[in-house]
Amino acid sequence: MSNTLNGKVALVTGGSSGIGLAIARRFVDEGAHVFITGRDETALEKARATIGKNVTAVQGDASKEADLDRLFATVKAEKTKLDIVVANAGANVNATLADTTANQFDLVFDLNVRGTFFTVQKSLPLLAAGASIVLVASALSGKGLPGYSAYSASKAAIRSFGRTWAAELKDRRIRVNTLSPGGTDTPFLFGDATPAQVEEQRAAYGAWIPLGRLGRPEEIAAAALFLASSESSYSTGMDLVADGGFTQL
């Protein structure tokens, strides 16, 4: 690795599995100390052990302000500052407009929208001048895929946050960009599907996606590294789409 993030301090919410874990691992490989969060303490500890070094795991729910306050108190006590925030924690409920319950709607918006908003707000006192914020949105934010109305709308809100916050934080030289992954081969994508159903879904995604396959978490992590590092020093308010061409062709 190139040590692109040597000496940097990063936070990755939802870092216990999937895309978040891949981002955290890549950041550590590039020289950063990374704080990771997750709601499941067992999964979070497994992720910490997998990364192995230069990582601090803080159990918590990004939709709960008390958990966020405890998280940032830990960051302040251990490292005093943050150079990178990746707001990745998210939830999805696959249900049509007719079938979505109020509880399902609240679950998605509380974590994806409220959680992202207050994660970034509460990070502001610790963010160094020239810091980078990466908001993980979704390629579905601009698509009308049936069954994803709450999820897609929540990710469209995150894309809007990216634009507004880039304007608000420019005087501190803090860059804010969004990253919009497409279908990525992670447990988050498949939910409670059986192994046979997972294989069927992989084949279906391969038929939809121009590159003929799902993305790998490591590929999304590479895109996050670009946005988090000085390699993207002239980019703010943008949306980097990594979806195998699904929304582009």
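Which residues in α4 meet which residues in α5? On the α4 side they are Phe105, Val108, Phe109, Asn112, Val113, Thr116, Phe117 and Val120, and their partners in α5 are Ala150, Tyr151, Ala153, Ser154, Lys155, Ala157, Ile158, Phe161 and Trp165. Keep in mind that this is a predicted model. Below is a quick tour of that helix pair, the cavity that α4 and α5 help to line, and two further pairs that involve α1.

**α4 against α5**

- By class, this contact has 13 nonpolar, three polar and one charged residues.
- The two axes come within 9 Å and cross at roughly 15°.
- With an angle under 35 degrees counting as roughly parallel, α4 and α5 are therefore roughly parallel to each other.
- As for handedness, α4 and α5 cross in the right-handed sense.

**The cavity**

- There's one cavity of 30 Å³ or more in the structure, and the volume of the largest cavity is about 40 Å³.
- Its lining is made up of Val93, Ala95, Thr100, Gln104, Phe105, Val108, Gly147, Tyr148, Ser149 and Ala150.
- Sorted by class, that's six nonpolar residues and four polar ones, with no charged residues in the lining.
- Both α4 (102–123) and α5 (149–169) put at least two residues into the lining, and α4 has the largest share, with three residues.
- Some names turn up twice: Phe105, Val108 and Ala150 are among the lining residues, and they also take part in the contact between α4 and α5.

**α1 against α8**

- Helix α1 covers residues 18–29 and helix α8 covers residues 217–228; their axes come within 8 Å, with a crossing angle of roughly 55°.
- That angle makes α1 oblique to α8.
- Here too the label is right-handed, this time for the crossing of α1 and α8.
- From α1, the residues in the contact are Gly18, Ile19, Ala22, Ile23, Arg26 and Phe27.
- From α8, the contact takes in Pro217, Glu218, Ile220, Ala221, Ala222, Ala224, Leu225 and Ala228.
- Split by class, the contact of α1 with α8 comes out as eleven nonpolar, one polar and two charged residues.

**α1 against α2**

- Helix α2 spans residues 41–51, and its axis and that of α1 come within 10 Å, crossing at roughly 30°.
- This makes α1 roughly parallel to α2, since the cut-off for that label is an angle under 35 degrees.
- The crossing of α1 past α2 is right-handed.
- Leu21, Ala24, Arg25 and Val28 are the α1 residues in this contact, and they meet Ala47, Thr50 and Ile51 of α2.
- The class tally for the contact of α1 with α2 is five nonpolar, one polar and one charged.

Key. Residues numbered from 1 in each chain as written. Predicted model: local features only at pLDDT ≥ 70, side-chain atom pairs only at ≥ 80, totals over all residues. Heavy atoms only, no water. 1 Å grid on protein atoms, 1.4 Å probe; cavity = no way out; pocket = protein on both sides within 12 Å on 5 of 7 lines; lining within 4 Å. Points joined across faces, edges and corners; volume = space filled by probe spheres on them. Helix = DSSP H or I, 4+ residues; strand = E, 2+ residues; numbered from the N terminus. Nonpolar A, V, L, I, M, F, W, Y, C, P; charged D, E, K, R; others polar. Axes fitted to C-alpha atoms, helices over the stretch in contact; angles between N-to-C directions. Parallel < 35°, antiparallel > 145°, perpendicular 65-115°, else oblique. Left-handed = near helix turned anticlockwise from the far one by under 90°. Contact = heavy atoms within 4.5 Å.
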